[in-house]
Amino acid sequence: MLNFRLLHMSALMSANWKALDRQQLETTTQSEWLRELHSMTDRLKCCCVTLDVNVLGLHQCEVNVLTESERSLLGNEACFVREVLLSGDNMPWLYARTLVPMSTLTEQEEDIVYLGAVPLGQRVFSRTNARRDEIEVATVVIEGKTLLARRSRLWANNKPMLVSELFLPQAPIYHGNC
Ligand code: PHB
């Protein structure tokens, strides 16, 4: 699992993100998935009986570890990093890495640190004042396979976080089967 995590994390961290409109996508189904403004978890849940969240990592990172584009989307702040693997009916579908600035983890949002296996989108979109913007897309090559990734900013009570999602080969985005 450590190798899986490092491989997918470094692919996301070195991705060449482009605004969604400038990315050539193979199918409109893929573009609909990537354009999702609401919860990706809800969308994935429609394609399986059980959706599991496996927390792969939880740690803090200093501001100097963030890339320039991450800082321009979130501000100059140390972050809490949450990494998860989402599996639909026991198939690995999505690796996600979320940066949550420390100032986001205040008041009602303090609980985001303690979500565990509760999906982030389920928590954020169950409250008012949730929205998503700045959707960007990249393709990354992992073990010879070209995979789609997306990065977007989520707002909870007007406080930002940055969610990067990597769609693994068995994910429904490639198979158009739901
Ligand atoms: C998470 O729980 O951290 C999570 C879940 C689904 C996503 C992204 C992040 O699409």
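**View 1. Thr104 is buried, at 0% relative accessible area.** Buried here means under 20% relative accessible area with a 1.4 Å probe, protein chains only. This is a predicted model, where local features need pLDDT of at least 70, side-chain atom pairs count only at pLDDT 80 or more, and totals for chains, interfaces and linings use all residues. Residues are numbered from 1 along each chain as its sequence is written, and side-chain values use heavy atoms, with hydrogens and water left out. Look for Thr104 in the loop between strand 4 (91-101) and helix 5 (120-125); helices (H or I, at least four residues) and strands (E, at least two) are DSSP runs, numbered from the N terminus.

**View 2. Who sits around Thr104?** Leaving aside residues up to four places away in sequence, Thr104 touches Glu109, Lys159, Pro160 and Met161, where touching means heavy atoms within 4.5 Å. A polar atom of the Thr104 side chain is 2.7 Å from the backbone oxygen of Pro160.

**View 3. Oxygen atoms of the ligand meet Arg82, Leu120 and Glu165.** On the Arg82 side chain, a polar atom lies 2.8 Å from a ligand oxygen. Leu120 brings a backbone N or O atom to 2.8 Å from an oxygen atom of the ligand. For Glu165, a side-chain N or O atom is 2.5 Å from a ligand oxygen. Taken alone, the ligand exposes 280 Å², and the protein buries 97% of that (Shrake-Rupley areas, 1.4 Å probe).

**View 4. Strand 3 gives the largest share of the shell around the ligand, 3 residues.** Elements giving two or more residues to that shell are helix 3 (40-45), strand 3 (79-88), strand 4 and strand 7 (159-167). Among the residues surrounding the ligand (a heavy atom within 4 Å) are Met40, Val84, Leu94 and Val163.

Notes: Buried means under 20% relative accessible area, exposed over 50%, partly exposed in between (1.4 Å probe, protein chains only). A polar contact is a pair of N or O atoms within 3.5 Å; within protein, one must be able to donate a hydrogen and the other to accept it, and residues adjacent in sequence count only if both atoms are side-chain atoms.
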